[in-house]
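Welcome, and please take a moment to look over the model before reading on. We will walk through its contacts step by step, beginning with the ligand.

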Amino acid sequence: MDKKYETICRKAVMHGPLEALFCCIGDPVVGNPTQLMMEATFQSMMYPARYLTCTVSKDKLSSAVEGIKALGFTGANVTAPHKVAVREYLDGLTESARLSGAVNCIIRDEAGRYIGDNTDGKGFHTSIDNIKPVTGMRVLVLGAGGAARAIITELALHGAVHITIANRSGARAQSIIDDIGPHVKTTLERIDFDGSLPIGAEYDLVVQATSVGLFDPEGGFDLTWEPKASGTRIAADVVFNPIDTKFLKDAAKAGATIVDGLGMLVYQGAIAVEQWTKGDADCDMMRKALEEAFTI
Ligand code: NDP
């Protein structure tokens with residue numbers, strides 16, 4: 001640990017205010033690198049804090065959230081399988097959490113209430129917005145799980161004009177349309193998906209939001225990228241390990257601008273940090289910490 005940061009943390013213990021407390025709760029959480037990227041930015045920001053990674057089983061979720069509240073944690077991250085169930089133990093939800101139906105981040109507000117937010121979709125949106133605003137985009141999303149739901153919510157809230165959802169289970173895609181559709185101006189449709197699909201030239205953004213390819217560099221779908229006559233096409237993957245997925249490699253060959261899953265992971269964390277600390281997260285340090293974590 002950086003000497004100057006260590007001194008700041010020690011002074012916090014001896015003279016206060018005490019270090020801010022954070023945790024990531026889920027089951028399993030071994031292998032989840034969130035703590036490492038959070039520690040990297042806290043140190044870079046010289047923000048005295050402790051971040052723990054905690055295994056919390058489903059039957060202990062309620063008491064874990066009570067513990068977070070009782071101990072005065074400043075915030076927490078929530079991962080599988082608790083992203084949906086945790087909502088009922090919180091004091092409120094943001095619009096993103098309400099619409100997406102899932103919470104990945106808990107924030108203690110100024111009144112001491114613990115509010116559930118969903119920064120997954122916001123992080124994804126930032127990773128695209130850095131290249132081009134999503135307003136007016138036509139989007140194809142492969143997948144209809146938790147990540148896809150958060151992404152679709154945020155793209156719709158930011159003015160994507162049309163989103164097509166291609167998922168193996170049609171019912172899951174339909175439930176996103178039923179839940180989100182009535183609250184946004186974006187037109188949402190679903191199409192059948194059996195793993196093989198032509199990617200039409202009408203799409204400005206194609207999102208690989210399934211878990212296919214995770215820990216599997218050769219894993220992917222049989223996609224035919226139809227040539228795009230004008231304008232750029234962005235291809236984004238939510239899978240972050242490996243960083244260079246088959247989907248992204250194929251998309252790059254087809255001339256698309258590539259956005260890897262680490263962007264979403266870093267930015268969803270950075271948005272959480274900025275809400276917790278009111279300071280600027282160090283995204284470069286966070287990305288570096290993740291890249292290092294994947295080599296451990
Ligand atoms: P879910 O389990 O909720 O959803 C999984 C999705 O993948 C579903 O749409 C599922 O289809 C689809 N799928 C799984 N296997 C296949 C297959 N063999 N063929 C076709 N479709 C398949 O997972 P999440 O949405 O929570 O996570 C998805 C991925 O996103 C994971 O790899 C996760 O690590 C990553 N992620 C990345 C984040 C980041 O910051 N970069 C943040 C959050 C998640 P069906 O509904 O038909 O089962």
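A polar contact here is a pair of N or O atoms within 3.5 Å. With that in mind, turn to Val238, where a polar backbone atom sits 2.9 Å from a nitrogen atom of the ligand. Keep in mind, too, that this is a predicted model.

The backbone meets the ligand at other places as well. At Ala147, a backbone N or O atom lies 2.8 Å from an oxygen atom of the ligand. At Gly145, a backbone N or O atom is 3.4 Å from a ligand oxygen atom. Taken on its own, the ligand has 930 Å² of accessible area, and the protein covers 75% of it.

Which residues make up the surroundings of the ligand? There are 22 of them, and the closest are Ala147, Asn167, Arg168, Ser169 and Val238. Sorted by character, the residues of this shell comprise 11 nonpolar, eight polar and three charged. Helix H6 and helix H9 (261-277) each provide at least two residues of the shell. The most comes from H9, which gives three residues.

Now let us follow the charged side chains. The structure holds 14 salt bridges, and a few of them make good stops on our tour. Start in helix H1 (residues 3-15), where Lys3 and Glu6 both lie, three residues apart, about one turn of the helix. Their side chains meet in a salt bridge, with 3.5 Å from N to O. Lys3 counts as exposed, because its relative accessibility is 62% and the cut-off for exposed is over 50%. Arg10 joins in too: Lys3, Glu6 and Arg10 are linked in a network of salt bridges.

The next pair reaches further along the chain. Arg50 and Glu19 form a salt bridge whose closest N and O atoms are 2.9 Å apart. This pair links distant parts of the chain, 31 residues apart: Arg50 belongs to strand S2 (residues 49-55), while Glu19 is in the loop between H1 and strand S1 (20-26). Is each partner buried or partly exposed? Arg50 is partly exposed, with a relative accessible area of 45%, whereas Glu19 is buried at 12%.

A third bridge joins Asp179 to Arg149, with 3.0 Å between the closest N and O atoms. Asp179 lies in helix H7 (residues 170-180) and Arg149 in helix H6 (residues 146-157), so the bridge ties together parts that are 30 residues apart in sequence. Asp179 counts as partly exposed at 38% relative accessibility, and Arg149 is buried, with a relative accessible area of 15%.

Our last stop is the cysteines. How many disulfides does a search of the whole structure find? The search finds zero. Cys9 is in no disulfide, and the nearest cysteine sulfur, that of Cys23, is 17 Å away. Why does Cys23 not bond with Cys54? The sulfur of Cys54 is the closest cysteine sulfur to that of Cys23, but the 4.9 Å between them is too far for a bond, because a disulfide needs the two sulfur atoms within 2.5 Å. Cys9 counts as buried, with a relative accessibility of 5%, and Cys23 counts as buried at 2%.

How values were computed: Residues numbered from 1 in each chain as written. Predicted model: local features only at pLDDT ≥ 70, side-chain atom pairs only at ≥ 80, totals over all residues. Heavy atoms only, no water. Salt bridge = Lys/Arg side-chain N within 4 Å of Asp/Glu carboxyl O. Helix = DSSP H or I, 4+ residues; strand = E, 2+ residues; numbered from the N terminus. Buried < 20%, exposed > 50% of the residue type's maximum accessible area, 1.4 Å probe, protein only. Near = heavy atom within 4 Å. Polar contact = N/O pair within 3.5 Å; in protein donor to acceptor, adjacent residues only side chain to side chain. Areas by Shrake-Rupley, 256 points an atom, 1.4 Å probe, with all protein chains shown as cover. Nonpolar A, V, L, I, M, F, W, Y, C, P; charged D, E, K, R; others polar.
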